[in-house]
Amino acid sequence: MAPTITGALELPRIVRLGPNLYGAAFTLMKLLPARHILDRADGEGRLEPGTVVIESTSGTFGLALAMECRLRGRALVLVSDPAVDPRLRRRLRDLGAAVDIVAEPASVGGYQQARLDRLAELRARHPRHFWPAQYSNPDNPGAYDVLAELLTSAIGRVDVLVGPVGSGGSMCGTAAALRAGVGDAVTAVAVDTPGSVLFGQRDAPRWIRGLGNSLMPPNLDHSAFDEVHWVSDREGFAATRALHRRHALYMGPTSGAAWMVASWKARAEPDRRVVVLLPDEGHRYQDTVYDDAWLRRQGLGLRRLPNRPVEVDAPDDGGPEWSWLRWDRRRFEAVVPRGAAA
Ligand SMILES: Cc1ncc(COP(=O)(O)O)c(C=O)c1O
């Protein structure tokens with residue numbers, strides 16, 4: 001039987017980007033956890049006829065949930081903030097999702113905390129609800145077993161996995177599934193951005209959405225990572241354009257940032273096979289990242305991509321430009337002394 005549109009779109013195209021570099025190019029990576037989380041909830045009897053799905057997101061997970069919920073005929077409320085792209089908002093509404101926008105950021109944790117506060121209010125108001133909780137639900141990382149299988153069958157051995165980290169679901173889930181198959185030798189490289197708390201920096205304003213975070217998601221298993229890279233907004237945006245110009249791959253900025261890191265890794269380790277996760281397409285960023293005038297106006301233009309990152313010894317030393325730290329599969333507390341994190 002032919003799949004539904006979400007089933008047809010959820011797996012990536014595996015493309016060759018260099019002698020030892022492969023990309024997993026998704027239309028919308030978050031379709032994988034959206035379907036898996038709802039399937040599991042359904043299987044456990046947590047989605048009764050009238051149960052409303054409520055989630056906090058201003059990005060691609062909201063879109064994926066809206067597509068899934070539309071197909072399942074299920075009501076969805078998405079809590080978002082004013083930064084949500086108006087075109088995405090129209091698309092979400094077309095799909096029948098109610099979009100609830102919080103007005104003010106919280107004093108600690110910014111809009112993300114304000115959204116979680118609002119989410120708690122809505123959950124109290126709807127006794128019959130299901131909260132997918134992408135930041136803490138183990139079914140988010142658990143959704144990526146199929147990706148590990150696909151990568152292994154498409155290219156054989158994967159030595160290095162590189163990808164952007166937001167909730168941690170995709171990188172931690174895929175790395176765990178690959179290691180379960182071939183052992184611990186698989187290197188996992190996290191791509192974060194300066195001013196994100198995920199790997200121990202202090203929270204600060206950032207342009208790039210999808211990777212980085214103002215709050216620490218329980219789904220981020222720090223001990224999965226061998227390296228962390230902090231890529232600045234301007235580098236990530238310039239890399240996104242370079243990915244398009246060089247490889248005709250029209251992807252979003254988290255893909256560009258990850259590709260820049262993966263290309264360096266592939267050059268540095270020519271005997272190892274590197275795979276990079278490219279989570280979404282470029283259409284949503286047509287008027288920003290793909291618009292030179294917008295980049296200039298925001299002071300985010302960059303003429304040349306850096307060739308290599310600066311190695312640092314501690315998260316505090318990372319940034320403002322591309323830098324990296326040997327994380328060495330340590331727990332967060334082993335790298336960032338208690339009280340030092342924002
Ligand atoms: C465009 C984009 N890239 C990367 C990520 C990070 O993926 P994960 O949440 O699995 O860490 C996200 C997460 O929302 C995203 O929207």
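Two strands count as paired if DSSP finds at least two bridges between them. The views below are close-ups of a predicted model.

**Figure 1. Strands β9 and β12 form an antiparallel pair.** Strand β9 covers residues 227-230 and strand β12 covers residues 323-326. Four bridges hold between the two strands, which satisfies the cut-off of at least two. One residue of this pair can be followed across the gap: H229 has W324 in β12 as its bridge partner. In general, strands of a sheet pair through backbone hydrogen bonds, and the sense is either parallel or antiparallel.

**Figure 2. Eight strands make up an open sheet with mixed pairing.** Read across the sheet, the order is β1-β2-β10-β7-β8-β9-β12-β11. Which strands lie at the edges? They are β1 (13-18) and β11 (310-311), each of which pairs on one side only.

**Figure 3. Strand β2 is buried along its length.** Strand β2 consists of residues 21-25, and five of the five are buried, so the strand is largely enclosed by the rest of the structure. Both of its faces are covered. On one side are L21, G23 and A25, and on the other are Y22 and A24.

**Figure 4. Strand β2 pairs with β1 and with β10.** Strands β1 and β2 run antiparallel and are joined by five bridges. The connection between β1 and β2 is a hairpin through two residues. Within this pair, G18 has L21 in β2 as its bridge partner. The pairing of β2 with strand β10 (residues 274-278) is parallel and also has five bridges. Here the bridge partner of A24 is L277 in β10.

**Figure 5. Strands β7 and β8 pair in the parallel sense.** Strand β7 covers residues 160-164, and five bridges link it to β8. Among the residues involved, V160 has T187 in β8 as its bridge partner. Is strand β8 largely enclosed or largely open? Five of the six residues of β8 (residues 187-192) are buried, so this strand is largely enclosed by the rest of the structure.

**Figure 6. Helices α8 and α9 pack at an angle of about 90 degrees.** Two packed helices are described by the angle between their axes and the distance between the axes. Helix α8 covers residues 233-247, helix α9 covers residues 253-268, and their axes are 7 Å apart. Angles of 65 to 115 degrees count as roughly perpendicular, and α8 and α9 are therefore roughly perpendicular to each other. Helix α8 contributes E235, G236, F237, A239, T240 and L243 to the contact. These residues meet P253, S255, G256, A257, W259 and M260 of α9. Sorted by class, the contact has seven nonpolar, four polar and one charged residues.

**Figure 7. Residue A248 lies in the loop between α8 and α9.** Its phi is near 60 degrees, a positive value in a residue other than glycine. Is A248 buried or exposed? With 8 other C-beta atoms within 10 Å, A248 is exposed, because 12 or fewer meets the cut-off for that class.

**Figure 8. Two loops next to strand β12 have unusual backbone details to find.** The peptide bond from G319 to P320 is cis, with omega near 0 degrees. P320 is placed in the loop between β11 and β12. R329 lies in the loop between β12 and α11 (332-335). R329 has a positive phi of about 55 degrees, although it is not a glycine. With 16 other C-beta atoms within 10 Å, R329 is partly exposed.

**Figure 9. Residue C172 is a buried residue of helix α7.** Helix α7 covers residues 169-182. Why does C172 count as buried? It has 26 C-beta neighbours inside 10 Å, and the cut-off for a buried residue is 20 or more. Leaving out residues up to four places away in sequence, C172 touches P141, N219, L220, D221 and A224. A257 is 85 residues from C172 along the chain, and their C-alpha atoms are separated by 18 Å.

**Figure 10. The chain is assigned two domains.** Domain 1 is made of the segments 5-29, 139-300 and 316-330, while domain 2 is 31-130. Their centres, taken over C-alpha atoms, are 24 Å apart. The contact takes 18 residues from domain 1 and 20 residues from domain 2. On the side of domain 1 that touches domain 2 there are seven nonpolar, six polar and five charged residues.

How values were computed:
Residues numbered from 1 in each chain as written. Predicted model: local features only at pLDDT ≥ 70, side-chain atom pairs only at ≥ 80, totals over all residues. Domains from an automatic or database assignment. Contact = placed C-beta atoms within 7 Å. Nonpolar A, V, L, I, M, F, W, Y, C, P; charged D, E, K, R; others polar. Axes fitted to C-alpha atoms, helices over the stretch in contact; angles between N-to-C directions. Parallel < 35°, antiparallel > 145°, perpendicular 65-115°, else oblique.
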